[in-house]
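Trainee: I should like to discuss the packing and the backbone of the structure shown below.

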Amino acid sequence: MRNRQLGILALAGAIAVSLALPLAAQNAMPNAAPTPRADRLARLAKLVDTNGDGAISLAEAQAFAAARFDKLDAEHKGYLILEEYEAPLRRAIERASETRRPLLEKALPRAEAAFKALNKSGDGRLTKDEFLADSRVRFAAADADKDGKLSLDELRGARGHAF
């Protein structure tokens, strides 16, 4: 159980960082080994797909997004301020190598812009409802075949930003 919780925390941090980072192009060569990003997406899909049916439902995506929000809202206030929203990215910057750190630092303005876009009320407090509403919109956009589920291919097409 503890390993699963640590895995969720690590993935939540990685996802928060990836929300702010530009996405690298996927290796399009047939029969090529999976890229590290593709492996992360497969692990993410497996983690979110709680019923193990090979697809992510909106309910599963919303549960995962709610859990991410709850982890960031450590004080259980029901909202996040910018510093809390950016915390995983800032921790990644602190741990990053000298070559990777500048790339992550460039993501900070994008994270701030994302926070402001999510915070529809503009009050500097990103509520769980605002966070989950955006998650539903991203899920719907990623659901290319409109079947109410996300396959790994749809998740890859959304570059992992499907919820």
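**Backbone and core**

Mentor: At 58% relative accessibility, Lys 146 counts as exposed (over 50% relative accessible area, 1.4 Å probe, protein chains only; buried means under 20%, partly exposed in between). This is a predicted model, in which local features need pLDDT of at least 70, side-chain atom pairs count only at pLDDT 80 or more, and totals for chains, interfaces and linings use all residues. Residues are numbered from 1 along each chain as its sequence is written, and side-chain values use heavy atoms, with hydrogens and water left out.

Trainee: What is the phi of Lys 146?

Mentor: Lys 146 lies in the loop between H6 and strand S4 (149-150); helices (H or I, at least four residues) and strands (E, at least two) are DSSP runs, numbered from the N terminus. Lys 146 is a residue other than glycine, yet its phi is positive, near 55°.

Trainee: Is His 76 buried or exposed?

Mentor: His 76 lies in the loop between H3 and strand S2 (79-80). Although not a glycine, His 76 has a positive phi of about 55°. Its relative accessibility is 64%, so His 76 counts as exposed.

Trainee: Which element gives the largest share of the largest nonpolar core?

Mentor: A nonpolar core is a set of buried Ala, Val, Leu, Ile, Met, Phe, Trp, Tyr and Cys residues joined through side-chain atoms within 4.5 Å. The largest one has 15 residues, and Leu 44 and Ile 56 are among those that touch the most other members. Two or more residues come from each of helix H2 (36-48), helix H3 (58-72) and helix H6 (128-142). The largest share, five residues, comes from H2.
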